[in-house]
Structures are given as C-alpha cells and as structure tokens.
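Reader: Hi! Could you walk me through this one? I'm new to helix packing.

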2 protein chains.
Amino acid sequence: MNSRFSLAVHILSLLAQQPEDRLTSEFLAMSIGTNAVVIRRLMAYLRKADLVTSKGAAGGGWMLARPAAKISLAMVRVALEEEVALRMHKNRPHPDCSVGQGLNDALGLVYGHVDTVIDEALGQMSVADVLADALTKVRVPEKTKRT
Amino acid sequence: MNSRFSLAVHILSLLAQQPEDRLTSEFLAMSIGTNAVVIRRLMAYLRKADLVTSKGAAGGGWMLARPAAKISLAMVRVALEEEVALRMHKNRPHPDCSVGQGLNDALGLVYGHVDTVIDEALGQMSVADVLADALTKVRVPEKTKRT
DNA sequence: TTTACCGTAACAATCTTTGTGACAAATCCA
DNA sequence: TGGATTTGTCACAAAGATTGTTACGGTAAA
C-alpha cells in the first residue's frame with residue numbers, strides 16, 4: 001500500500017489555499033517534508049487528469065486547473081490509477097483445486113463492487129471540503145499549549 | 001498492499017467445501033500454491049477472530065468454526081486487522097504549514113468513513129456466497145477449450 | 001543568455017510482504 | 001510410553017514496492 005493519495009490531497013489543499021499563485025515543487029516538498037522529485041512524480045498523474053497545471057520556467061510552478069470545490073476525492077483516486085482497494089493473490093492454484101479455478105472471477109466481482117462503493121463515498125467530498133475541515137482543526141500555538 | 005484478504009477467502013472457501021474434514025496447512029498450501037507457514041501465519045488471525053479452529057496432531061488441521069453462510073467477508077477483513085483502505089503519509093509537515101497541521105485529522109475522518117462503507121459492502125457477502133459463485137465459474141476442461 | 005522552473009531517467013535506500021527452514025509443543029494412536 | 005503427525009512461532013532470506021536523491025535536459029520569462 002502506498003500513501004500517494006494522502007500526499008496528493010495534501011498538495012491539492014495547499015494549492016487550494018492559494019488559488020492565485022503558482023507554487024513550486026520545491027516549496028511543496030518543503031511544506032510536506034519530502035523531495036521535489038517525489039512531488040513532480042505524483043503531480044504527473046494529477047496533471048494527466050486535468051486537476052492541476054504546471055509551468056516550467058521562472059515564476060512557474062503548480063496551480064489547480066479548476067476550483068477546489070470541483071475536485072472530488074474520487075477524481076483524485078482515479079487520477080492516481082489506484083482503483084483497487086483489495087488485491088488478488090497471484091499464486092497459481094493447484095490444477096486439481098476446483099475452487100481455485102473460479103475463485104478469482106468471483107473475487108473480481110466482489111472487488112469491483114468494493115471499488116465502486118469507495119468511489120461513491122469519495123465522490124461526495126471535495127478538496128475544498130477537506131481544506132475547510134483541516135483549517136478548523138489547526139492545532140493551538142505552542143504558547144497556549146503548555147500545562 | 002498485500003493479498004492476505006484474497007488468500008483468506010480462498011482458504012475459507014476450501015474449508016467450506018469440506019465442512020466435515022480437517023484440512024492441513026500443508027494441503028491448503030499445496031492447493032493454493034504457497035508455503036504452509038504462510039497459511040499458518042494467516043490462519044492465526046482467523047482463529048483469533050473465531051472463524052476457524054485448529055488441531056495440532058495426527059489427523060489434525062483446520063475447520064470452519066461456524067457455517068460458511070455465517071462468515072461475512074467483512075468479518076474476514078476485520079479479522080485480518082486491515083481496516084485501512086487508504087494510508088496516511090507520514091512525512092512531518094513543515095511547522096509553518098497551517099494546512100499540514102489539521103490535514104491528518106481531516107483525512108482521518110475521510111478514511112474512517114471509507115472503511116465503514118467498505119465494511120458495509122463486504123458485510124453483505126458470505127464465504128458461502130463466494131464459494132457458490134466460484135463453483136459456477138469453474139473453467140471448462142482443457143479438452144473442450146481448444147479452437 | 002541567464003535564471004528559475006519542470007520532466008524524467010537512473011539508481012540507492014527503505015519498507016513491506018512473502019517464502020523457507022528449524023524446532024518446540026500438542027495430540028493421537030499403537 | 002514412544003513415535004508420527006501437525007500446529008505455533010521464531011528467525012532470516014528473497015522478492016517486490018515505494019520513496020528519496022542525484023543528475024541532466026528542456027522551456028519560458030526577464
């Protein structure tokens with residue numbers, strides 16, 4: 001399992017917070033605590049799905065390609081091409097095993113259904129929603145935190 | 001991502017097919033095409049969740065602890081303690097990043113919801129259902145397959 | 001034409017999962 | 001009781017996936 005979805009939502013939230021400006025990969029990497037190449041690698045998927053635009057020159061960087069409210073989490077998931085919540089095991093069943101033969105097909109149906117259900121759930125939440133939610137939860141500053 | 005869920009359902013289907021007999025780890029491993037230790041490692045979770053029983057001696061092996069129709073796929077998922085379809089990224093956000101602070105909490109809510117939805121979907125299907133489905137899909141024998 | 005970016009390939013480092021061997025513990029059966 | 005069978009689990013190797021890093025080419029703005 002990977003954490004690209006979380007990373008993507010994090011980045012999209014940052015972009016949503018400053019819809020006017022282009023943010024550089026370097027800046028995003030700093031904010032999140034990783035490397036700029038990791039950001040670019042990930043953003044390639046989001047760009048392909050028309051969720052963000054990039055510009056590669058001085059003053060360049062990343063922007064949302066549309067309002068944050070119009071980017072659902074399901075779109076993000078689809079963009080990342082990670083539409084499998086459960087994975088098939090890939091051992092070859094013994095040829096005499098009658099269950100093994102049909103099981104993959106049966107499981108395939110189940111997994112397809114699960115993925116549909118996930119997308120329905122994620123389809124109801126937008127990046128704007130997540131950002132708003134995150135901002136209401138900002139931790140109290142250090143000063144007031146003691147004792 | 002791992003494929004333990006698929007493996008578990010496969011094994012449970014095999015046990016469901018012969019509710020009277022105890023099947024050994026060795027036999028299950030052969031049927032599925034893996035190692036007996038892998039089976040035991042996995043079954044430890046299912047046993048802890050009271051889905052199967054084991055007996056360690058001559059004539060021993062594994063059996064379902066209840067009828068296959070009473071084992072939902074959601075129970076299997078819970079038993080495997082894999083209740084996270086999406087994973088948090090664990091980079092420390094930069095302290096000045098106001099989004100980063102609250103984002104984990106916001107994502108946590110989202111992920112919790114997704115997991116709930118998955119369990120609802122899997123709760124409606126039993127091992128007996130999967131087995132029945134698998135058996136209707138048995139591939140045609142080699143002979144009739146050609147041309 | 002220099003500068004500040006992105007794009008991507010290549011490779012290293014890390015983490016996770018799966019496979020394997022070894023051996024103790026439990027239980028059955030003669 | 002003793003031997004055979006099977007689980008339970010540890011330890012470690014192998015394989016695979018993900019993430020981090022360096023390097024370098026391309027592109028557009030100033």
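Author: Happy to! Axes here are lines fitted to C-alpha atoms, for helices over the stretch in contact, and angles run from 0 to 180 degrees between N-to-C directions. Helices (H or I, at least four residues) are DSSP runs numbered from the N terminus. This is a predicted model, where local features need pLDDT of at least 70, side-chain atom pairs count only at pLDDT 80 or more, and totals for chains, interfaces and linings use all residues. Residues are numbered from 1 along each chain as its sequence is written, chains are lettered from A in the order in which they are written, and side-chain values use heavy atoms, without hydrogens and water.

Reader: Cool. At what angle do H5(A) and H1(B) cross?

Author: Helix H5 (residues 98-123) of chain A and helix H1 (residues 4-17) of chain B cross at roughly 130 degrees, with axes that come within 10 Å. That makes H5(A) oblique to H1(B) (under 35 degrees is roughly parallel, over 145 roughly antiparallel, 65 to 115 roughly perpendicular, the rest oblique).

Reader: Which residues meet there?

Author: Among them, A:Leu103, A:Leu107 and A:Tyr111 in H5(A), and B:Phe5, B:Val9 and B:Leu14 in H1(B) (contact means heavy atoms within 4.5 Å).

Reader: And how many residues does the contact take from chain A and from chain B?

Author: The contact takes 55 residues from chain A and 55 from chain B.

Reader: New topic: how do H2(B) and H3(B) cross?

Author: Helix H2 (residues 25-32) and helix H3 (residues 36-48) of chain B cross at roughly 110 degrees, and their axes come within 8 Å. That makes H2(B) roughly perpendicular to H3(B).

Reader: What meets what?

Author: B:Leu28 and B:Ile32 are among the H2(B) residues, and they meet a group in H3(B) including B:Ile39.

Note on methods. Helices (H or I, at least four residues) and strands (E, at least two) are DSSP runs, numbered from the N terminus.
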